[in-house]
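Got your viewer ready? Load the model shown here and keep the selection box handy.

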Amino acid sequence: MDMKPSSKHSSLPLQAYLDHAATTPMRPEAIAAMSEQFGSVGNASSLHGAGRRARRVVEESRELIASHVGAAPSEIVFTAGGTESDNLAVKGLFWARSASDPQQKKILTSSIEHHALLDPLVWLAQEAGAVVVQAGVDAQARVDLEQVTEFIALDPQAFAVISIMLANNEVGTVQPLAELVELANKYGIPIHTDAVQAVGQLDVDFAELGVDAMSISAHKLGGPAGVGALVLGRNIEPTPLLHGGGQERNVRSGTLDVPAIAGFAAAVDAAAMDRVERNAHVASLRDNLVKRILDVVPDAIVNGDQQFSEQYRLPNNAHFSFPGCEGDALLMLLDAKGVECSTGSACSAGIAQPSHVLLAMGATSSTARSSLRFSLGWTSTQADVDAVISAIGPAVERARMASATLVDQA
Ligand code: PLP
């Protein structure tokens, strides 16, 4: 199955792009839906014909997205992406709950969340008196349920919100959310999940999951960057981050980006339509990549869950540590050979610090710094895998020599 976008729709270079978890190429369906809207005028809040037309596009998009994520249309709150959705969920729920009961100061999360979630929590702790409790993970990045249970049972009335991601962006581990939801329900604590990496890849159903809030981002599943949603249960009312026109259920203000929303919906639809077939293809490429990297670099370490089924690990994720290498050096050496991948998460790439996810999994700082993430997607082909395999051996050798030289000079 070759799903490369046609040249009509894309100007992708002939690179082996293995960074779909950072952002995946836009689906032709999304590009077409957006292009159709770019030529039209209309503020979806205006009452005249142009406004009503724009509103229809927004509401049809909302319905389509809702139908694919197991939510009611009224539960889709459009945002500017995963970062805003995460901020709205944790800040908004913390503010609302602690305002109604000053006892509710605690937030429970995991040690492997994305910075879009962790940094708002740091802010809440520093500026708003929140007490953030982080549960650890095991060596495969699975959240320690026993610890979560203990933390909550100790002081259940003190928790304003629980937020634990559905699938990890670095190592792809899928979390045991059902157990966490059960626990949250037992004590009546609202629970949010960051499903930014999961929606589009896993069969995510908001109602079935039973969470109160769930973050989604369009550009991770073939839509444009800068738009996403917070799926928000009907009775859940976070305090808004943005005040203004109250366009989205009064919890989010700002004129809606109609083309982006149409593109988002088209991408969610396209991703849902070929999900099973695509995942089988992507997972088989990923398995082939993992096996052949281990053939070429036998001491490479595969990070994340060792069970490669969708229940435990995202089908597109392969994550390695290459002992004796600096991940950044490896990344640049591979890039020079046309292979594009990532060290840690793209959002923190460029800053030479070990991934907090790998450290939480028990890796040493040097192992964590020697890591690379290869993430595949709907345009991935066998040629992409072959490109990694022909480049990785010499790149690891050179990166090891460079590291050894630095140690000698130290
Ligand atoms: N959450 C996770 C798990 C992510 O992987 C990302 C992006 O990398 C985000 C949140 C942020 O999403 P966005 O880029 O739409 O702001």
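Leaving aside its neighbours within four places in sequence, which residues is H20 in contact with? Select P25 along with S375, L376, G377, W378, T379 and S380; contact here means heavy atoms within 4.5 Å.

Before you go on, some ground rules. This is a predicted model, where local features need pLDDT of at least 70 and side-chain atom pairs count only at pLDDT 80 or more, while totals for chains, interfaces and linings use all residues. Residues are numbered from 1 along each chain as its sequence is written, and side-chain values use heavy atoms, with hydrogens and water left out.

Stay on H20 for a moment. You'll find H20 in the loop between β1 (16–17) and α1 (28–38); helices (H or I, at least four residues) and strands (E, at least two) are DSSP runs, numbered from the N terminus. H20 is buried, at 3% relative accessible area (buried means under 20%, with a 1.4 Å probe and protein chains only).

Next, select the ligand and show what surrounds it. There are 15 residues in the shell, and T83, D194, Q197, S217 and K220 are the closest (a residue counts if one of its heavy atoms lies within 4 Å). Helix α3 (residues 82–100) gives the largest share, three residues. By type, the shell has four nonpolar, eight polar and three charged residues, with Gly counted among the polar ones.

Now for the polar contacts (pairs of N or O atoms within 3.5 Å). Pick the K220 side chain: one of its polar atoms is 2.5 Å from a ligand oxygen. For the H219 side chain, the distance from an N or O atom to a ligand oxygen is 2.9 Å, and for H114 it's 3.1 Å. Finally, switch on the surface: the protein covers 90% of the 400 Å² of accessible area that the ligand has on its own (Shrake-Rupley method, 1.4 Å probe).

Definitions and conventions: Buried < 20%, exposed > 50% of the residue type's maximum accessible area, 1.4 Å probe, protein only. Polar contact = N/O pair within 3.5 Å; in protein donor to acceptor, adjacent residues only side chain to side chain.
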